Amino acid sequence: MIWFHKGRIPDGPWQFLSVTYNGLRDIEDTLSTDIDLTEGLGCISITGRMQAYRKAVLHRVLDLTRGVVVCWNERALVGSLVCARSLLETLAIFHSFLKRADKEVKAKEWETLSRLVDAYAFSTSSGPDKKNKSTESPPRVNAAVIEFIKNTQKDKEQFWEQICDDAHPNGKRMMLYGGLLQDSRYIDKPIEENERGLFPAVYNSLYSCCWLISAILDFDVLLEEIRYGGDLPEDHELMVKRTRVMGSGP
């Protein structure tokens with residue numbers, strides 16, 4: 001797993017960076033195997049399709065995380081921020097799917113769940129399919145991100161606003177990034193000044209991966225509940241593991 005070079009992290013309380021790194025490295029180690037969409041049942045299953053969608057999400061998360069880190073290491077700060085924004089959007093849509101899927105599983109609405117999986121797995125932002133929205137289609141990205149942050153990092157919505165502004169070619173932000181207007185001159189700004197202002201948003205996006213690391217267990221529980229047909233018994237291996245993980249927190 002590619003990570004920050006020594007000396008490229010500004011001073012600050014970034015205590016979860018090592019947790020994020022270790023979790024993403026573990027995810028990376030799990031993605032080399034193929035997925036049997038039939039799960040041995042002779043036809044494509046809901047759980048098989050869900051696993052394929054999750055694998056695609058995890059590949060994108062890892063790619064975007066590499067983009068965040070590599071660009072930052074190379075002092076391409078805007079590139080790092082653009083990748084951080086896309087990373088946050090990807091996590092938010094997956095969070096939306098997991099939350100909605102859990103609701104359908106609890107209600108045992110298997111047909112709705114089947115449509116939900118396909119709606120998320122094959123959603124698009126262009127072409128004729130863009131107009132064919134259904135009630136199961138993913139929400140707008142901006143709304144999904146705000147909901148994700150409210151659920152996982154309460155009162156931290158401002159870093160999404162910072163990323164939105166800095167990652168887009170808005171004139172005011174570009175002018176502030178490029179230098180300082182003073183005495184009829186546009187004075188170059190040392191890159192260190194930009195780093196101090198931009199790294200918190202980059203860090204918060206990477207920290208959001210901590211939610212993904214824990215959500216993978218929730219996803220596995222959800223898959224097993226679908227196979228089981230309802231809530232798992234407390235002595236089920238996954239439920240025991242979930243209890244142990246929850247009990248290890250602060």
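**Exercise 1. A patch on the surface**

Identify which residues make the nonpolar surface patch of about 310 Å² in this predicted model, and decide whether Leu 181 is buried or exposed.

*Solution.* The patch is made by Met 175, Leu 181 and Tyr 186. Of these residues, Leu 181 can be placed in strand β1, which spans residues 179-182. Its relative accessible area is 61%, and because exposed means over 50%, Leu 181 counts as exposed.

**Exercise 2. One face of a helix**

Compare the span of helix α4 with its expected value, then determine how the buried residues of α4 are arranged around the axis and which helices they pack against.

*Solution.* Begin with the length: α4 runs over residues 110-121, and its 12 residues reach 16 Å from the first C-alpha to the last, close to the 16 Å expected at 1.5 Å a residue. Next, list the buried residues of α4, which are Thr 112, Leu 113, Leu 116, Val 117, Ala 119 and Tyr 120. Viewed down the axis of α4, these buried residues fall within an arc of 165°, and therefore they line one face of the helix. The general background is that an α-helix has 3.6 residues a turn, so residues three or four places apart point the same way. Finally, the packing partners of the buried residues of α4 are α2 (46-73), α3 (77-106) and α9 (209-228).

**Exercise 3. A residue inside α3**

Classify Ala 84 as buried or exposed, and find which residues it touches beyond four places away in sequence.

*Solution.* Ala 84 has its place in helix α3. With a relative accessibility of 0%, Ala 84 counts as buried. Leaving aside residues up to four places away in sequence, Ala 84 touches Val 68, Val 202 and Ser 205.

**Exercise 4. A mostly covered helix**

Establish how many of the 10 residues of helix α6 are buried, and name the helices against which they pack.

*Solution.* Helix α6 covers residues 158-167, and seven of its 10 residues are buried, so that the helix is mostly covered. The buried residues are Phe 159, Trp 160, Gln 162, Ile 163, Cys 164, Asp 166 and Ala 167. They pack against α3, α5 (141-152), α7 (171-178) and α8 (191-207).

**Exercise 5. The protein as a whole**

Describe the secondary structure, the share of buried residues and the range of the contacts.

*Solution.* The protein has 10 helices and two strands, and along the sequence they follow the pattern α-α-α-α-α-α-α-β-β-α-α-α. Of its 250 residues, 42% are buried. Among contacts with a separation of 6 or more, 68% join residues 24 or more positions apart.

Note on methods:
Residues numbered from 1 in each chain as written. Predicted model: local features only at pLDDT ≥ 70, side-chain atom pairs only at ≥ 80, totals over all residues. Heavy atoms only, no water. Patch = residues over 30% accessible without salt bridge, like charges linked within 9 Å, V, L, I, M, F, W, Y side chains within 5 Å. Areas by Shrake-Rupley, 256 points an atom, 1.4 Å probe, with all protein chains shown as cover. Salt bridge = Lys/Arg side-chain N within 4 Å of Asp/Glu carboxyl O. Helix = DSSP H or I, 4+ residues; strand = E, 2+ residues; numbered from the N terminus. Buried < 20%, exposed > 50% of the residue type's maximum accessible area, 1.4 Å probe, protein only. Expected span 1.5 Å × (residues − 1). Arc of directions from axis to C-beta. Contact = heavy atoms within 4.5 Å.
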